[in-house]
Amino acid sequence: MADLSQQLQQQVLDARSDKRQLDIVAGNSKASMGRTTHADTLNVSDHTGVISYQPVELVLTVRSGTTLTEIEALLDDNNQMLAFEPPRFSEHSTIGGTLACNLSGPGRPWAGSIRDHVLGVRLVNGLGEHLKFGGQVMKNVAGYDVSRLQAGAMGTLGVLTEVSLKVLPKPAAVRTLSWQLEAKQALSLMLELAGKPKPISAACWIEGQLYVRLSGAQSAVDATLKEWDGCDEPDSDNFWRALRDQQLSQFQSNDPLWRFSINPAAEIPSLDHLSIIDWGGAQRWYRGHQDKHEMEALAERAGGQVSLYTGGDRTADVFHQPVPALQEIQKRLKASFDPDGILNSGRLYSWM
């Protein structure tokens, strides 16, 4: 596999010499995310396999093209999991693409995001250098934590070749309660329940129904079921899986899909009743034709950001525009890792 890494380095060096740009592709299940770009393809789908797995240490290192399906099967054998619940958009979805797009599932507020579980990475930068950052343990670092910078960078800072992750044991018990509520009532109840010392692992409202998942020790889950008055949902696994993988009917449309990341207590009266309210209120999904500047203004008033997740005009900027100071930092990072703008140029922002 070292030869394959060297081949990737050579492809980057050749592109730099020829002044060509490269689009990084593996499973291609996230092609609809980010801006549309047109460049030569750098395919990393063959860069697969487990490098190291230490179940006792709860650490996994894999090549970036390894599919989530393969990783999940390996962890299942040891009753372990990726606690950030990465979405599987197809059987070809990879861990590298998941990190590049910073994707996490319904449990993100309680278990953390993929960014929180990354221990280290290896990547090929725009100069063709194969670099290593972080390691296989959690520790304090000085300066930029480059491993975590890759979360959401959309491949603009380098071609990921290896990812080291923290994994966790599966919970002993998982149950789901539901309530029939309007959006405003659901937000209030989610905030109330989230403030209690209970084993909540997900909370989502959709079409008048609030779902709250409990995960943890059997005794803790059973005690909470007795205390709370929701309707027990014995077959909820399919719902949470469909939410995680964005397979619910609300995701299946050609209309633009907007993703808000905001203060969980915030209300957006014009949209909340039409939205999927996930992450205990911190993530909202809304589908419809809207002006991006108006959506950004709504998000900022709600204490967060919004992106045009899929659909709509993908040639324009689709992510929330950062403040000037942050924009300058991002430009400097891009210039440091990829000074000639070879890698996924324009995928994140038109000015990167």
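## A bridge from α2 to Lys-170

Let's start with Asp-76 and Lys-170, whose side chains form a salt bridge with the closest N and O atoms 2.5 Å apart. Asp-76 sits in helix α2, while Lys-170 belongs to the loop between β9 (168–169) and β10 (173–180), so this pair ties together parts that are 94 residues apart in sequence. Bear in mind that we're looking at a predicted model.

How buried or exposed are the two partners? Asp-76 is partly exposed, at 36% relative accessible area, and Lys-170 also counts as partly exposed, at 33%.

## Another pair on α2, and a small network

Helix α2 (residues 68–76) has a further salt bridge to offer, through Glu-72. Its partner is Arg-88, with 3.2 Å between the closest N and O atoms. Arg-88 lies in the loop between β5 (80–81) and α3 (95–100), and the two residues are 16 apart, so to speak a link between distant parts of the chain. Here the two ends fall into separate classes of accessibility: Glu-72 is partly exposed, with a relative accessible area of 32%, whereas Arg-88 is buried, with 15%. The cut-off for buried is under 20%, which is why Arg-88 makes it into that class.

Then there's Arg-20, which meets Asp-18 in a salt bridge at 3.4 Å, N to O. Arg-20 is partly exposed at 28% relative accessibility, and Asp-18 is partly exposed at 47%. Which residues are joined into one network by salt bridges that share partners? They are Asp-18, Arg-20 and Asp-40. As a general point, side chains of opposite charge can pair when their charged atoms come close. A search of the whole structure turns up 15 salt bridges.

## The nonpolar cores

Now for the greasy side of things. The largest nonpolar core has 36 residues, and the members that touch the most others are Phe-239, Leu-243, Phe-260 and Met-295. Several elements each supply at least two residues of this core: the strands β11 (200–206), β14 (257–261), β16 (283–287) and β17 (305–310), plus the helices α9 (237–244) and α10 (292–301). The largest share, four residues, comes from α9.

What does Phe-260 contact, leaving aside its neighbours within four places in sequence? The list includes Ile-268, Leu-271 and Ala-282, then Gln-283, Arg-284 and Tyr-286. Met-295, Leu-298 and Ala-299 are also in contact with Phe-260, as are Gln-305 and Val-306. Apart from the largest core lies another one, of 20 residues, among them Leu-177, Met-190, Leu-193 and Ala-203.

## The overall picture

Zooming out, the protein has eleven helices and 17 strands. With 352 residues, a compact globule would have a radius of gyration near 20 Å, and the protein's 21 Å agrees with that. The C-alpha trace spans about 65 × 50 × 35 Å along its principal axes.

Of the 352 residues, 54% count as buried. Among contacts with a separation of 6 or more, 69% are between residues 24 or more positions apart. As for the outside, the accessible surface comes to about 16,100 Å², and 47% of it belongs to carbon and sulfur atoms.

Note on methods
Residues numbered from 1 in each chain as written. Predicted model: local features only at pLDDT ≥ 70, side-chain atom pairs only at ≥ 80, totals over all residues. Heavy atoms only, no water. Core = buried A, V, L, I, M, F, W, Y, C linked by side-chain atoms within 4.5 Å. Buried < 20%, exposed > 50% of the residue type's maximum accessible area, 1.4 Å probe, protein only. Contact = heavy atoms within 4.5 Å. Salt bridge = Lys/Arg side-chain N within 4 Å of Asp/Glu carboxyl O. Rg over C-alpha atoms; globule rule 2.2 N^0.38 Å. Areas by Shrake-Rupley, 256 points an atom, 1.4 Å probe, with all protein chains shown as cover.
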